[in-house]
Amino acid sequence: SQLQQYDPADPLGGIAATERALDEARRRLDLPLPAPALNPPGEQLVCVATWLWVDGPWGPSSATAEVAGVSATVTARPVRVVWDSGDGAGITCDGPGTPYDPAHPAAGRDSACTHVYGRSSSGLPGGAYTLTATVTYQVGWSSSTGAGGGLGTLERSTSVPVAVLEAQAVI
């Protein structure tokens, strides 16, 4: 029989090493807040489509931890963005949305992630709607022992003010 020597730095030794490594990897996972972007930039117009997308990288984020010789990795993959337009509409976009590119001809520009504001925001507090982008991540884990699985979803949100103006045509 081999005696396990007590280590004050790791009082649990190898006990529940996989679970402890998983907990530490989850703690280390740092998911970025979404950076909402829209076009036209700045103020929006009533009855004109606003393109919505999140700037920045769109890909998996991972964190790894090791406890008593066992490592665990937690990976979060972004799957969708849900937009709360501030005027009662919700827009769900698979993926980050399409950035507006003025270099493309107008006929070739298209986005499945847009919203049309029906009313001016002039009467609202601050004169703006609150636009919120919420990115949903699918989270899973794996370990050096071969254990792993799904951990459900996580969400990260960012809100920005959006002023919407009403323009009148002059004849």
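The chain contains 1 helix and 10 strands, and in this predicted model these elements follow one another along the sequence in the pattern α-β-β-β-β-β-β-β-β-β-β. Of the 171 residues of the chain, 32% count as buried. Among the contacts in the chain with a separation of 6 or more, 65% are accounted for by residues that stand 24 or more positions apart.

A useful place to enter the structure is strand β3, which spans residues 49-55. This strand is mostly covered, since 5 of its 7 residues are buried. With strand β1, which comprises residues 35-39, β3 pairs in the antiparallel sense over 5 bridges, and within this pairing proline 36 stands opposite valine 54 in β3. Strand β3 is also joined by 3 bridges to strand β7, residues 114-116, and these two strands likewise run antiparallel; here the bridge partner of alanine 49 is valine 116 in β7. As a reminder for anyone following the side chains by eye, in a regular strand they alternate between the two faces of the sheet.

Within β3, threonine 50 repays a closer look. How is threonine 50 placed with respect to the surface, buried or exposed? Threonine 50 has a relative accessible area of 1%, and because this value lies under the 20% cut-off, the residue counts as buried. Its surroundings can be listed by name: leaving aside residues up to four places away in sequence, threonine 50 touches Leu38, Asn39, Gln44, Cys113, Thr114, His115 and Tyr117. With one of these residues, glutamine 44, the threonine 50 side chain makes a polar contact, side chain to side chain, at 2.8 Å.

Strand β3 also leads to the largest pocket, because β3 and β8 (129-143) each supply at least two residues of its lining. About 180 Å³ of space lies in the largest pocket, and 15 residues line it, of which Pro32, Asp55, Pro57, Trp58 and Tyr137 lie nearest its centre. What is the make-up of the lining of the largest pocket in nonpolar, polar and charged residues? The lining residues divide into 11 nonpolar, 3 polar and 1 charged.

Taken together, strand β3 offers a thread through the model: it pairs with β1 over 5 bridges, it is joined to β7 by 3 bridges, it holds the buried threonine 50, and it supplies at least two residues to the lining of the largest pocket.

Conventions:
Residues are numbered from 1 along each chain as its sequence is written. This is a predicted model: local features need pLDDT of at least 70, side-chain atom pairs count only at pLDDT 80 or more; totals for chains, interfaces and linings use all residues. Side-chain values use heavy atoms; hydrogens and water are left out. Helices (H or I, at least four residues) and strands (E, at least two) are DSSP runs, numbered from the N terminus. Buried means under 20% relative accessible area, exposed over 50%, partly exposed in between (1.4 Å probe, protein chains only). A polar contact is a pair of N or O atoms within 3.5 Å; within protein, one must be able to donate a hydrogen and the other to accept it, and residues adjacent in sequence count only if both atoms are side-chain atoms. Contact means heavy atoms within 4.5 Å. Two strands pair if DSSP finds at least two bridges between them. On a 1 Å grid over the protein atoms alone, a cavity is a set of points where a 1.4 Å probe fits but cannot get out, and a pocket is an open set with protein on both sides within 12 Å along at least five of seven lines; lining residues have an atom within 4 Å of a point. Grid points are joined across faces, edges and corners, and a volume is the space filled by probe spheres set on the points. Ala, Val, Leu, Ile, Met, Phe, Trp, Tyr, Cys and Pro count as nonpolar, Asp, Glu, Lys and Arg as charged, and the others, Gly among them, as polar.
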